[in-house]
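Student: Could you take me through a single part of this structure at close range? I would like to know which residues face one another there, and what joins the neighbours.

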Amino acid sequence: MSELTITLLRLGYLALLWVLVLFAIGVLRRDLYGTRITDRRRRKAAVPAAAAAAVATEPSKPETAPTRIPRAARSGSGPGRLVVTEGPLRGTIVPLGTSSVLIGRAPGCTLVLDDDYSSSRHARIFPQNGQWFVEDLGSTNGTFVADQRVEAPTPVPTGTPVRVGQSVLELQR
């Protein structure tokens, strides 16, 4: 082998070692700092530049205030919020609407739990026919409604405790 070939092999080996070191540092950084949790309350919708330019060229229209629907008309006599009553996130309130609430450790969940006893996609609370239900999504430790393990979608009356890992949730008016 020529000296040039040996030098190129040495440089290639050195570059491969640096790639390995940088990869290990990236893994350690993710383990130390964890998953980034986004605060959806402060996030604003980004307007694309083309849409902003189109809005700027349109003649101004009178703006109307959005009409507010009274709470009684919105949700009937059903619950209006999901409250964490026990656990690391005690006091957290999630307003209820017409869509389901996904509960778990994954950053894409509606209620992100920082709990070793909950799964990444642990449970789902959803409205159906004017009533709220809880469904376990195949979690390891299970979901409990008033100390009964959830096997199928189960109705959740207002004020009934729902245990997900170390957290206890309640539907409130």
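Tutor: Happily, and a definition helps first: two strands count as paired if DSSP finds at least two bridges between them. The strands themselves are DSSP runs of E with at least two residues, and helices are runs of H or I with at least four, both numbered from the N terminus. You are looking at a predicted model, where local features need pLDDT of at least 70 and side-chain atom pairs count only at pLDDT 80 or more, while totals for chains, interfaces and linings use all residues. Residues are numbered from 1 along each chain as its sequence is written, and side-chain values use heavy atoms, with hydrogens and water left out.

Let us look at the sheet. It is open, with five strands in the order β4-β3-β5-β6-β9 and mixed pairing. Because β4 (111-112) and β9 (154-155) each have a single partner strand, these edge strands have one side without a neighbour in the sheet. In general, strands of a sheet pair through backbone hydrogen bonds, either parallel or antiparallel.

Now follow β5. Towards β3 (residues 101-104), β5 runs antiparallel and is joined by three bridges; here I103 stands opposite A123 of β5. Towards β6, the pairing is again antiparallel: six bridges join β5 (residues 123-128) to β6 (residues 131-136). Within this pairing, F126 of β5 has F133 of β6 opposite, and R124 has E135 opposite. The two strands form a hairpin with two residues between them, and N129 in the turn has a positive phi of about 55°.

The R124 and E135 pair also makes a salt bridge, with the closest N and O atoms 2.8 Å apart (the term means a side-chain nitrogen of Lys or Arg within 4 Å of a carboxyl oxygen of Asp or Glu). Since R124 lies in β5 and E135 in β6, the contact ties together parts that are 11 residues apart in sequence. R124 is partly exposed, at 26% relative accessible area; on this scale buried is under 20%, exposed is over 50% and partly exposed lies in between, with a 1.4 Å probe and protein chains only.

A search of the whole structure finds two salt bridges. Besides the hairpin pair, E151 contacts R149, the closest N and O atoms being 3.9 Å apart. Of these partners, E151 is exposed at 68% relative accessibility, whereas R149 is partly exposed at 41%.
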